[in-house]
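User: I would like to go through the sheets and the pocket of this model and ask what justifies each term.

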Amino acid sequence: MTSTLRVFPVPGPGAEDVVVGTSGRDEGAVFTGTEDGAIFRISHDGQKVDRVAHTGGRPLGIEIDPDGRLLVCDAHVGLLRIDTASGAIEPITDSVAGTRMVFCNNAAIAADGTVWFSDSSTKFGIEKWKDDFVQNTRTGRLMRLDTDGTIEVVLDGLAFANGVALSADEDFVCVAETAGRTVVRRWISGDRKGMRDLLCSNLPGYPDNIARGSDGLIWVSIASPLDPVVERLQTAPMALRKLVTKIPEALQPKPKHTVRVQAYDSAGTLVHDLDVDPQESGVSYHMVTGVREHEGRVWMGSLHEGAVAVLER
């Protein structure tokens, strides 16, 4: 299979996640959020970019609500809804059980409007994500927001909770554990309701956002390949882990340049493993943190790039 990677710049740094509009004026358009708080709409062909709104924070995960609005996980502000026509912003919540979130990250929305969302850490915000990653605090959480506004912590103790996705039948929800290189599955219906297991584990790198594609598969972004130094640090004495995060940025472990996404079926079987060399397409792009398959195209976002990319397969 031949693949072509195309990159579409946006006027802002760190286009971390992507979602594709499915109806009305937004059908086929791609949305992303950048480090400066902006939300952008990119035309299907990548030729037009419009600013839709500004959250006042740092938008990360983006989903489409049943009513067509964007659901945005903002690392600073919490959960928001955004009208893509007017740019109006509706705050949903910035707290869980009376305590403000410090790293709201990603979400998935069920057909009935239930929102499943992650909080990566209760100790470190996005500006210090490496501290949480290296120290392996395991304070990440997966929450459920019911349509009546009730919020419940469904899973905790996660190793940097990140991307969230629902199965095609909505019989389970998954959450990526970036530091653990796993995707945790929590059954929400059927005989295994309430049980926790793994959709996949021992991933070849560190998963970030995940999403169910139009093909029904769970797509997983691999932000960086496995780093033996990081793996050793995570099991080192805490004093050493803390020391590493205090050394100059230039000397700290860094994500390696890669463009890789994988797709798994509901049984946890690897269906696609797209490991792309951007140079073969004549472009510069790395650290894929968002992925969205839509009608055969694979859209990607990056925490470090001021652009989104699409893989034409």
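User: What makes S1, S26, S25 and S24 an open sheet, and why do S1 and S24 count as its edges?

Analyst: Strands are DSSP runs of E with at least two residues, numbered from the N terminus, and two of them pair if DSSP finds at least two bridges between them. The four strands follow the order S1-S26-S25-S24 with antiparallel pairing. Strand S1 (4-9) and strand S24 (288-294) each have a single partner strand, so one side of each is left without a neighbour in the sheet. This is a predicted model, in which local features need pLDDT of at least 70, side-chain atom pairs count only at pLDDT 80 or more, and totals for chains, interfaces and linings use all residues. Residues are numbered from 1 along each chain as its sequence is written, and side-chain values use heavy atoms, with hydrogens and water left out.

User: How do you know that S24 and S25 pair?

Analyst: Strand S25 (residues 297-302) and S24 are joined in the antiparallel sense over six bridges, and Val-291 stands opposite Met-300 in S25.

User: What makes S2 and S3 a pair?

Analyst: S2 and strand S3 (residues 30-33) share two bridges in the antiparallel sense, with Val-20 opposite Val-30 in S3. They belong to an open sheet ordered S2-S3-S4-S5.

User: What classes make up the lining of the largest pocket?

Analyst: That lining has 13 nonpolar residues (Ala, Val, Leu, Ile, Met, Phe, Trp, Tyr, Cys and Pro), six charged (Asp, Glu, Lys and Arg) and six polar (the others, Gly among them).
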